[in-house]
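Reader: Hi! I'm new to protein models and have one open on my screen. Could you walk me through it?
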Amino acid sequence: MYVSKKLLKKIYKQRGAWCHKYDFGHLLVIGGSKHYSGSPAFNALAAWRAGVDLVTIVAPRRAADIIVSFKPDLIAYPMDCDYLSPRHLKKVLEFLPGKSAVVIGGGMTRSEEVKEFIRRFLRKLDLPCVIDADAIHAVAEDKKIVKGKKFVLTPHAYEFFVLSGIKVGNDIKERQQAVREVAKELKATILLKGHVDVISDGERVALNKTGSPLMTKGGMGDTLAGICGCYLARGVECFEAACAAAYLNGLAGELAARKYGEGVMASDLIEEIPNAIKQALK
C-alpha cells in the first residue's frame, strides 16, 4: 500500500478545549557528542513542529550547551562528558519517568563505549523508541535487543546493510522483500529511507512517495526520526508512526525544496512542517 494523507488526518484530530501539557506526549531525545550537536537538535525541533507537547534532550555538555542556544523552547540537560558511555547509564535512565517515547542515536559517534551505552540503555527501555544513525550500528552487533519491543529503526541503504548484511539496490520490489524479512526477523518496524521509503513491521508493508531528490542534505534523516518520535510519544503505534513520519517529512521536504532549490537545508524542512500538516489536512 502507499501512504497517504488519510493517515495524518487520523492522527491530527481536533484537540479538546480542556487538553493540557503532556496529553500529546513528552519525548526524550538522547544524542550528540563533543563533535556533533545538530542531530539531536533537529530531532527535537522536528518533533515540536510535528505536534509533541514537550521534548527533553540529554546530551554531552558541549552539544547540550550549543542546542539550547538555538531556541528557548529547547530543554537540554548536559552530561559531564564528551561522549556518552556505560558509566552515564544510571544518570540517563533517571530521565525516563514521565516520558512517553525516546529517539536515540543522532550524532553520538560509533566508538565501542558509545555503542555499549546504547545497547545497555535499550535493554532496559520499555518505552516506544526510534533507533537512528549511530544507534543502528550499535544494535547491529546485538539484534536481539530490539525483538518484540516497540522500536522503529530508520536506516538508509548502508545502515540497512550494516543491520542486516543485505545490500539493496533501487528496485522497489527487492527493497520491500528485504525490509519485510528483516522486520519479521527482528520483530520490529523498519523504515528504509530512499527515493521511495519502504516501511514494514514484518507483516504489513507500505511505500511512501513524498519527498524530493534535494533531500540528500545532511539532517533530513534527523528530522524524520524526530517526527516519528513525536508520533510515538503521542501514542501512535509503531508501523503507523513510521508511515506517517515518512509522509510528513517528505511533504515538508518538498515544500522546502520548492522554496530554496539547491540551497535547501534541514532547518528549512523543519519550518515547513506546519505547512505540510495544513496541506495534508485539507
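Author: Happy to! Let's start with Tyr22, which lies in the loop between α1 (5-11) and β1 (26-30). Helices here are DSSP runs of H or I with at least four residues, strands are runs of E with at least two, and both are numbered from the N terminus. The model is a predicted one: local features need pLDDT of at least 70, side-chain atom pairs count only at pLDDT 80 or more, and totals for chains, interfaces and linings use all residues. Residues are numbered from 1 along each chain as its sequence is written, and side-chain values use heavy atoms, with hydrogens and water left out.

Reader: Thanks! What is the phi of Tyr22 near?
Author: Phi of Tyr22 is near 90 degrees, a positive value in a residue other than glycine. Most residues other than glycine have a negative phi.

Reader: Is Tyr22 buried or exposed?
Author: In between: Tyr22 is partly exposed, with a relative accessible area of 47%. Buried means under 20% relative accessible area, exposed means over 50%, and partly exposed is in between, using a 1.4 Å probe and protein chains only.

Reader: Which residue that is not a glycine has a positive phi of about 75 degrees?
Author: That is Thr109. Thr109 sits in the loop between β4 (101-104) and α5, and at a relative accessible area of 17% Thr109 is buried.

Reader: Switching topic, how many salt bridges are there?
Author: The count comes to 19 salt bridges, where a salt bridge is a side-chain nitrogen of Lys or Arg within 4 Å of a carboxyl oxygen of Asp or Glu. One of them joins Lys115 and Glu112, with their closest N and O atoms 3.2 Å apart. Both residues are in helix α5 (residues 112-124), three residues apart, which is about one turn of the helix. Lys115 counts as buried because its relative accessibility is 8%.

Reader: What about Arg123 and Asp142, how do their side chains meet?
Author: In a salt bridge, at 2.8 Å from N to O. Arg123 lies in helix α5 and Asp142 in the loop between α6 and β6 (151-153), so this pair ties together parts that are 19 residues apart in sequence. Arg123 is partly exposed at 42%, while Asp142 is buried at 12%.

Reader: Cool. What does Arg258 form with Glu254?
Author: A salt bridge, with the closest N and O atoms 3.5 Å apart. The two lie in helix α10, four residues apart, about one turn of the helix. Arg258 is exposed, with a relative accessible area of 60%, whereas Glu254 is buried at 18%. Elsewhere, salt bridges that share partners make one network of Glu112, Lys115, Glu116, Arg119, Arg120, Arg123, Glu141, Asp142 and Lys144.

Reader: Now the empty spaces! What volume does the largest pocket have?
Author: About 680 Å³. Of the 31 residues lining this pocket, the closest to its centre are Lys193, Met215, Thr216, Met220 and Gly221. On a 1 Å grid over the protein atoms alone, a pocket is an open set of points where a 1.4 Å probe fits, with protein on both sides within 12 Å along at least five of seven lines, and lining residues have an atom within 4 Å of a point. The volume is the space filled by probe spheres set on the points, which are joined across faces, edges and corners.

Reader: Which helix gives the most to that lining?
Author: α9, with four residues. The lining residues divide into seven nonpolar, 16 polar and eight charged. Ala, Val, Leu, Ile, Met, Phe, Trp, Tyr, Cys and Pro count as nonpolar, Asp, Glu, Lys and Arg as charged, and the others, Gly among them, as polar.

Reader: And how much space lies in the second largest pocket?
Author: About 190 Å³. Its lining includes Tyr12, Trp48, Arg234 and Ile277, and the largest share, three residues, comes from α2.

Reader: Last one: how do strands β8 and β9 run?
Author: They run antiparallel, joined by four bridges; strands pair if DSSP finds at least two bridges between them. β8 and β9 form a hairpin with four residues between them, and Gly202 in the turn has a positive phi of about 100 degrees. Ile199 stands opposite Ala206 in β9.
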